[in-house]
Amino acid sequence: MERDIYDEDHEAFRDVVKEFVKRYVTLADIARWDADGEVDRDTMRAAGESGLIGLSVPEEFGGAGMLQDYRFRAVVNEEIIAAGAGSLAGAFGIQDDLAVPYLVHMGTDEQKQTWLPRMATGEVIGALAMTEPGAGSDLRGIKTTAKKVDGGYIVNGAKTFISSGATADIVVTFVKTGEGDRPDAFSLLIIETASEGFDHGKKLHKMGFQGHDTAELSFSDVFVPDANLIGGREGQGFVQLMMNLPLERLSIGVAAAAAAQAGLDWTLTYTKEREAFGQRIIDFQNSRFALADIATTVDALWAYLDRALLAYRDGKLSAEEAAKVKFWATEREWDVLDACVQLHGGYGYIMEYPIARAFLDARVHRIYGGTNEIMREIVGRQLAGKR
Ligand SMILES: Cc1cc2nc3c(=O)[nH]c(=O)nc-3n(C[C@H](O)[C@H](O)[C@H](O)COP(=O)(O)OP(=O)(O)OC[C@H]3O[C@@H](n4cnc5c(N)ncnc54)[C@H](O)[C@@H]3O)c2cc1C
């Protein structure tokens with residue numbers, strides 16, 4: 001099914017992304033990121049120079065000023081994932097969808113001025129730290145505290161599973177500034193990773209996204225100045241997290257659809273080249289039936305995602321609608337990639353083949369950004385008339 005949500009500007013931008021891919025996303029680059037467990041700084045800076053990151057950063061702060069138009073980010077995801085570089089797409093996603101928005105939409109003028117220009121160039125890498133060893137889905141159970149002192153806060157605690165956590169220069173960190181677990185007991189602080197008492201901890205060894213770092217972080221009496229309290233207001237952390245949820249969930253949905261599309265494309269190529277019993281794999285009726293299912297699912301994914309992209313642009317994508325998109329898209333992605341692996345036979349299990357990597361990357365889409373059970377809980381509660 002032909003998609004019609006992109007205009008000339010998006011397509012011109014796609015050409016820029018394709019050029020970037022040709023130059024900076026070779027198989028050797030992907031292998032290097034995997035071996036190092038992270039995307040290198042030079043690539044992030046090159047992405048900044050080419051205008052591939054910082055898309056929502058306002059022009060006055062050196063970005064592209066695409067505040068609500070996530071279609072440009074979708075183009076980046078599509079092209080980078082099609083190149084088999086899920087880890088790079090992940091690194092860009094953390095910068096643009098998880099870190100930058102807290103500054104763009106909720107930061108003080110000083111915070112924007114201090115960080116956004118260098119985040120748009122890729123000079124400063126950002127991360128978002130909510131999850132702790134004892135609290136993931138149940139974020140109100142976090143234990144990291146920020147105690148008010150003269151001129152700032154003293155932070156103690158630990159975070160885990162933090163994407164870009166080992167490479168980040170600043171981490172937007174969810175902390176407790178009050179007693180109990182009422183929504184106003186939490187705040188978001190920008191913690192500079194060069195601060196005394198901050199420890200990047202160890203990189204976690206994952207089954208997928210091998211080339212994008214995920215780390216444990218710890219804070220031992222880290223002093224964070226008042227100027228780094230997001231929005232300059234204490235007790236707003238929970239509300240601020242909620243404000244970015246639609247974008248976070250939409251971004252995972254888009255990555256899932258892009259991976260399903262890439263899986264279909266790789267599998268079509270493979271099944272037309274590979275032969276068995278004297279004919280191409282695609283000439284078996286079973287293969288054609290499987291591919292028909294896959295192609296139809298991919299069409300449905302884009303039809304849904306495109307609608308969500310436009311709703312987001314128009315400020316109409318609610319947290320519940322975004323939760324539906326997230327769980328449904330990531331589950332369809334899983335079905336599609338599993339079927340694609342099967343059509344590749346043994347080669348589908350070999351990491352040199354992009355389908356194997358995409359399959360492993362896909363698994364976490366159903367877990368992070370809020371697990372799919374939590375997404376169903378959010379949707380179900382709304383249907384039941386509960387808040
Ligand atoms: C690769 C990776 C990258 C990540 N990146 C980040 C990041 O950048 N920043 C960050 O803050 N976090 C990040 N996370 C953390 C991620 O968001 C959490 O792992 C996720 O929210 C689940 O939390 P948990 O692991 O504590 O699982 P738990 O909350 O312990 O859940 C365990 C199981 O119980 C289920 N469950 C829990 N509560 C309910 C309920 N109420 N109803 C039904 N089922 C329930 C869950 O769905 C899950 O199946 C990342 C995780 C991974 C693996």
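From which two domains does the lining of the second largest cavity draw at least three residues each? Keep that question in mind while you open this predicted model, and begin the tour with the cavities.

**First stop: the cavities**

Rolling a probe the size of a water molecule over the atoms shows where empty space is left. For this model, a search of the whole structure finds two cavities of 30 Å³ or more. To reach the second largest cavity, select V39, D40, R41, M44, A91, I125, S164, T167, H212 and D213, the residues that line it. The space they surround has a volume of about 80 Å³, and its lining is made up of four nonpolar, three polar and three charged residues. Colour domain 1 (8-124) and domain 2 (127-235) separately, and you have the answer to the opening question, for each of these domains gives at least three residues to the lining.

Now move to the largest cavity, which holds about 110 Å³ of space. Among the 13 residues that line it, select S56, M66, L67, Y70 and R73, which are the closest to its centre. Next, display helix α5 (residues 86-106), which supplies four residues, the largest share of this lining. Taken by class, the lining of the largest cavity contains seven nonpolar, two polar and four charged residues.

**Second stop: two charged residues from the cavity lining**

Return to D40 and R41, both of which you selected in the lining of the second largest cavity, and show their side chains together with those of R32 and D169. The side chain of D40 forms a salt bridge with R32, with a distance of 2.8 Å from N to O. Are these two partners equally easy to place as buried or partly exposed? D40 counts as buried at 18% relative accessibility, because the cut-off for buried is under 20%, whereas R32, at 32%, counts as partly exposed.

R41 takes part in a salt bridge with D169, and here the closest N and O atoms are 2.9 Å apart. R41 belongs to helix α3 (residues 41-50), while D169 sits in the loop between β3 (152-163) and β4, so that the pair links distant parts of the chain, 128 residues apart. Both R41, with a relative accessible area of 27%, and D169, at 25%, count as partly exposed.

**Third stop: a bridge between two helices**

The two bridges you have just seen belong to a longer list, since the whole structure contains 24 salt bridges. Select E78 and R14, whose salt bridge brings the closest N and O atoms to 3.0 Å apart. E78 lies in helix α4 (residues 71-82) and R14 in helix α1 (residues 8-24), so this pair ties together parts that are 64 residues apart in sequence. Both partners count as buried, E78 with a relative accessible area of 12% and R14 at 9% relative accessibility. Then add R3, E11, E79 and D306 to the selection, and you will have the network of salt bridges that links them with R14 and E78.

**Last stop: a pair of strands**

Finally, select strand β4 (residues 170-176) together with strand β5, which pair in the antiparallel sense over seven bridges. At one place along this pairing, I170 stands opposite E192 in β5. Is strand β5 (residues 186-192) mostly covered or mostly open? Six of its seven residues are buried, and the strand is therefore described as mostly covered.

Note on methods:
Residues are numbered from 1 along each chain as its sequence is written. This is a predicted model: local features need pLDDT of at least 70, side-chain atom pairs count only at pLDDT 80 or more; totals for chains, interfaces and linings use all residues. Side-chain values use heavy atoms; hydrogens and water are left out. On a 1 Å grid over the protein atoms alone, a cavity is a set of points where a 1.4 Å probe fits but cannot get out, and a pocket is an open set with protein on both sides within 12 Å along at least five of seven lines; lining residues have an atom within 4 Å of a point. Grid points are joined across faces, edges and corners, and a volume is the space filled by probe spheres set on the points. Ala, Val, Leu, Ile, Met, Phe, Trp, Tyr, Cys and Pro count as nonpolar, Asp, Glu, Lys and Arg as charged, and the others, Gly among them, as polar. Domain bounds come from an automatic or database domain assignment. Buried means under 20% relative accessible area, exposed over 50%, partly exposed in between (1.4 Å probe, protein chains only). Two strands pair if DSSP finds at least two bridges between them. A salt bridge is a side-chain nitrogen of Lys or Arg within 4 Å of a carboxyl oxygen of Asp or Glu.
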